[in-house]
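Welcome! Please take a moment with the sequence and the picture below, and then let this briefing walk you through them, topic by topic.

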Amino acid sequence: MSENVITIDGKEFKPEDLDETQKYYLMQINMTQQEADNIKVKLDQMTASNMFFKDQLAKSLIKEDEEK
């Protein structure tokens, strides 16, 4: 079985057998999946950063409150 095979509904297709429109659709699928993966990574980074700053704020407020 070739590495470059597309499976849709249990049927295998070779990219070289696709017409230009189908190749365009495949390119769009690959590009949007890559972008979705990049956005997921960015979201994970933002979520972790948000959690860190919330934790830092809480620690700062607790320390300030204890010093009073």
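Helices and strands here are DSSP runs, at least four residues for a helix and at least two for a strand, numbered from the N terminus. In those terms, D9 sits in the loop that joins β1 (6-8) to β2 (11-13). Please keep in mind that this is a predicted model. The chain holds 1 helix and 2 strands, and they follow the order β-β-α from the N terminus on. With a radius of gyration of 24 Å, well over the 11 Å that the globule rule gives for 68 residues, the chain is more spread out than a compact globule.

**Overall shape and surface**

- Along the principal axes, the C-alpha atoms of the chain fill a box of roughly 75 × 25 × 15 Å.
- To get a feel for distance, take K63 and Y24: these two residues are 39 apart in sequence, and their C-alpha atoms are 58 Å apart in space.
- How much of the chain is buried? Of its 68 residues, 3% count as buried, where buried means under 20% relative accessible area.
- The chain has an accessible surface of about 6500 Å², and carbon and sulfur atoms account for 56% of that surface.

**The loop between the strands**

- D9, the loop residue between β1 and β2, has a positive phi of about 55° although it is not a glycine.
- D9 is also exposed, since its relative accessible area is 75% and the cut-off for exposed is over 50%.

**Salt bridges along the helix**

- How many salt bridges does the chain have? The count comes to 3, and each is described in turn below.
- K23 pairs with E20, and their closest N and O atoms are 3.9 Å apart.
- These two partners, K23 and E20, are 3 residues apart in helix α1, so about one helical turn separates them.
- K23 is partly exposed at a relative accessible area of 33%, whereas E20 is exposed at 62%.
- K40 and D44 are joined by a salt bridge between their side chains, with a distance of 3.0 Å from N to O.
- Both K40 and D44 belong to helix α1, where they are 4 residues apart, about one turn of the helix.
- K40 is partly exposed, with a relative accessible area of 46%, and D44 is partly exposed too, at 40%.
- D55 forms a salt bridge with K59, and here the closest N and O atoms lie 3.2 Å apart.
- Like the pair before, D55 and K59 are both in helix α1, 4 residues apart, about one turn of the helix.
- D55 counts as partly exposed, with 35% relative accessibility.

**A nonpolar patch**

- Which residues make the nonpolar surface patch? Y24, Y25, M27 and M31 form it together, and the patch covers about 440 Å².
- One of these residues, M31, lies in helix α1, which spans residues 20-67.
- M31 is partly exposed, because its relative accessible area of 46% falls between the 20% and 50% cut-offs.

**Charges**

- The chain carries 9 positive and 15 negative charges, and the mean positions of the two sets are 5 Å apart.
- On the surface, E64, D65, E66 and E67 gather in a patch of negative charge.
- One member of that patch, E66, lies in helix α1 and is exposed, with a relative accessible area of 63%.
- Is K63 buried or exposed? At 52% relative accessibility, K63 counts as exposed, and its place is in helix α1.

**To take away**

- The elements run β-β-α, and the chain is more spread out than a compact globule.
- Helix α1 takes in residues 20-67, and the salt-bridge pairs K23 and E20, K40 and D44, and D55 and K59 all lie in this helix.
- For a tour of the surface, you could begin at the nonpolar patch of Y24, Y25, M27 and M31 and then look for the negative patch of E64, D65, E66 and E67.

Conventions:
Residues are numbered from 1 along each chain as its sequence is written. This is a predicted model: local features need pLDDT of at least 70, side-chain atom pairs count only at pLDDT 80 or more; totals for chains, interfaces and linings use all residues. Side-chain values use heavy atoms; hydrogens and water are left out. The radius of gyration is taken over C-alpha atoms; the globule rule is 2.2 Å times the number of residues to the power 0.38. Buried means under 20% relative accessible area, exposed over 50%, partly exposed in between (1.4 Å probe, protein chains only). Accessible areas come from the Shrake-Rupley method with a 1.4 Å probe; for residues, only the protein chains shown count as cover. Lys and Arg count as positive and Asp and Glu as negative; His and the chain ends are not counted. The place of a charge is taken as NZ of Lys, CZ of Arg, CG of Asp or CD of Glu. Patches are made of residues with over 30% relative accessible area and no salt bridge: like charges are joined within 9 Å, nonpolar side chains (Val, Leu, Ile, Met, Phe, Trp, Tyr) within 5 Å. A salt bridge is a side-chain nitrogen of Lys or Arg within 4 Å of a carboxyl oxygen of Asp or Glu.
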